[in-house]
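Q: Please take a close look at the enclosed space inside this structure. I would then like it placed in the context of the pockets, the nonpolar packing and a few individual residues.

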Amino acid sequence: MGVVLDGLSWALLLAGSFFVITGGVGLLRFPDVYSRMHAAGMTDTLGAALFIAGLAVQGGFTLITVKLLMILLFIFFTSPTATYALANAVWSSGVRPKRRDGTACEAIDRSDEPSKS
Amino acid sequence: MMFAVAAAALLVTMLLALLRAYVGPTLYDRILAVNTFGTKTVLMIAVLGFLMGRPDFLDIALVYALINFIGTIAVLKFFRYGDLGRAGEGDS
Amino acid sequence: MLRIVSLGGALVVAWLLLSGHYTPLILAFGLFSVIAVVAIAVRMDVVDHESVPIHMTGRFLSYWIWLAREIVKANIDVAKRVWSPALPISPTLLWLKTSQPGELGQVIYANSITLTPGTVSVSLQEDRILVHAIAREVGDDLAAGEMDQRVTRLEASGIPAPAQGGQGA
């Protein structure tokens with residue numbers, strides 16, 4: 001039983017490590033602040049969730065796991081709010097996203113389209 | 001052992017985020033990098049709690065998550081309005 | 001009244017789970033804190049359908065399960081883009097319609113968009129939202145409107161379409 005749980009923790013923590021490092025690499029590789037937000041979002045969502053899950057397996061059914069889940073819930077509520085505040089501040093300051101070739105990316109208005117589903 | 005590996009992965013990511021904060025180039029890149037660094041710190045504190053066998057570290061992680069969020073919002077507000085006491089556009 | 005009781009109940013549960021000490025003194029501190037917080041919240045008049053959305057409790061669960069699957073898929077997609085040597089991204093800005101009747105639904109939609117890597121909500125207006133997508137296909141997926149419809153259904157369950165037009169607080 002202990003071996004199975006340890007293996008599960010290993011798998012979750014390694015997967016979490018992969019997504020967290022990928023987010024960090026994306027933070028460096030992506031060309032402008034808007035696209036970097038996607039990389040940062042990756043570390044905050046799946047990366048954090050896998051880490052917390054891996055620790056929770058070790059915590060078992062105790063208050064430790066409850067606290068871990070609270071941390072995760074909190075990250076899931078605050079991370080998009082902070083990212084939106086940042087994105088909105090960038091937009092209001094007049095910085096526009098760039099395309100790969102360096103030209104500014106214009107907004108396409110698709111708000112008139114009826115949604116299909 | 002597994003906690004040490006996880007902590008190492010977090011350290012690498014924090015280093016990458018610091019690099020982005022150092023390179024910039026804009027203020028917003030730096031805020032984004034610092035915010036990412038902060039959420040990684042929360043995970044780091046949680047992992048360290050397990051690594052050292054002191055689960056009470058989790059309370060610190062929870063509080064750090066709160067402070068990181070409030071800090072990011074405060075920095076953004078300060079650079080947007082130059083003042084932390086000012087009411088936002090939505091307030092009357 | 002139901003909202004006040006459920007807010008107090010949630011706070012009591014949070015205290016008991018976070019404290020872990022069950023001596024009379026600490027429990028008395030907890031009771032005092034919960035009563036103080038609820039009293040302040042009532043006095044600030046923030047205990048409404050927005051801050052304590054008990055009418056959605058049941059629907060939230062199924063929405064979260066769906067959202068979790070979307071987040072996993074989006075994470076794998078963005079991870080592939082990061083590690084691909086050619087860096088296959090095509091940043092796109094899109095104005096999309098939001099079909100939620102109230103502010104709460106719109107905020108849930110905007111946060112869900114941001115929570116899914118590959119799309120970030122940039123600006124929110126009356127009935128439309130500006131979204132930055134990492135690639136054209138990712139933006140097209142979102143424009144198909146499945147998430148929008150799901151959030152609208154989530155918000156529509158329970159409340160009789162808020163007449164105040166989302167200008168609460």
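A: A cavity here is a set of grid points where a 1.4 Å probe fits but cannot get out, and its volume is the space filled by probe spheres set on those points. The structure under discussion is a predicted model.

Searching the whole structure yields three cavities of 30 Å³ or more. The second largest of them holds about 70 Å³ of space. Two chains contribute to its wall: A:Ile75, A:Thr78, A:Ser79 and A:Ala82 line it together with B:Asn35, B:Thr39, B:Ala65, B:Asn68 and B:Phe69. At least two lining residues come from each of three helices, namely H3 (63-92) of chain A and, in chain B, H2 (27-51) and H3 (57-81). The greatest contribution is that of H3(A), with four residues. Sorted by class, the lining comprises five polar residues, four nonpolar ones and no charged residue.

The second largest pocket offers a contrasting picture, with a volume of about 400 Å³. Its lining consists of 18 residues, and those nearest its centre are C:Glu70, C:Thr116, C:Val138, C:Asp141 and C:Leu142. Two or more lining residues are given by each of helices H3 (57-83), H5 (136-143) and H6 (146-156) of chain C. Here H3(C) gives the most, with seven residues. The classes in this lining are eight nonpolar, seven charged and three polar.

The nonpolar packing may be considered next. In soluble globular proteins, nonpolar side chains tend to be buried together. The largest nonpolar core numbers 29 residues, and A:Phe51, A:Leu55, A:Leu68, A:Ile71 and B:Val47 have the most contacts inside it. Each of the following supplies two residues or more to this core: in chain A, helix H1 (2-29), helix H2 (33-59) and H3; in chain B, helix H1 (2-23), H2 and H3. H2(B) provides the largest share, seven residues. A:Leu68 illustrates how the two chains meet: beyond residues up to four places away in sequence, it touches A:Ile52, A:Leu55 and A:Ala56 in chain A, and B:Ala46, B:Phe50 and B:Leu58 in chain B. Another core, of 22 residues, lies apart from this one and includes A:Ala40, A:Ala85, A:Ala89 and A:Trp91.

A:Trp91 also leads to the strands of chain C, since it is one of the contacts of C:Leu130. C:Leu130 belongs to strand S3 (residues 128-133) of chain C, and its relative accessible area is 0%, so it is buried. Its other contacts, outside the four places on either side in sequence, include A:Ala107, C:Leu93, C:Leu94, C:Trp95 and C:Ser121. C:Leu94 stands 36 residues from C:Leu130 in sequence, yet their C-alpha atoms are 5.6 Å apart. C:Ile129 is also placed in strand S3 and is likewise buried, because its relative accessibility is 0%. Among its contacts are C:Leu94, C:Tyr109, C:Ala110, C:Ile113 and C:Ser121.

C:Ser121 thus touches both C:Leu130 and C:Ile129. It occupies strand S2 (residues 119-124) of chain C and is a buried residue, since its relative accessibility is 0%. Its side chain makes a polar contact of 2.7 Å with the side chain of C:Thr114, and one of its polar side-chain atoms lies 3.1 Å from the backbone oxygen of C:Ala110. Its contacts also reach chain A, at A:Tyr84 and A:Ala87.

Two loop residues of chain C deserve attention for their backbone geometry. Most residues other than glycine have a negative phi. C:Asp45, however, has a positive phi, near 65°, and C:Leu87 has a positive value near 50°. C:Asp45 is located in the loop between helix H2 (24-44) and H3, whereas C:Leu87 is located in the loop between H3 and strand S1 (92-97). Their surroundings contrast: C:Asp45 is exposed, because its relative accessible area of 62% is over the 50% limit, while C:Leu87 is buried, because its 9% is under the 20% limit.

Definitions and conventions. Residues numbered from 1 in each chain as written. Chains lettered and ligands numbered in written order. Predicted model: local features only at pLDDT ≥ 70, side-chain atom pairs only at ≥ 80, totals over all residues. Heavy atoms only, no water. Buried < 20%, exposed > 50% of the residue type's maximum accessible area, 1.4 Å probe, protein only. Polar contact = N/O pair within 3.5 Å; in protein donor to acceptor, adjacent residues only side chain to side chain. Contact = heavy atoms within 4.5 Å. 1 Å grid on protein atoms, 1.4 Å probe; cavity = no way out; pocket = protein on both sides within 12 Å on 5 of 7 lines; lining within 4 Å. Nonpolar A, V, L, I, M, F, W, Y, C, P; charged D, E, K, R; others polar. Core = buried A, V, L, I, M, F, W, Y, C linked by side-chain atoms within 4.5 Å.
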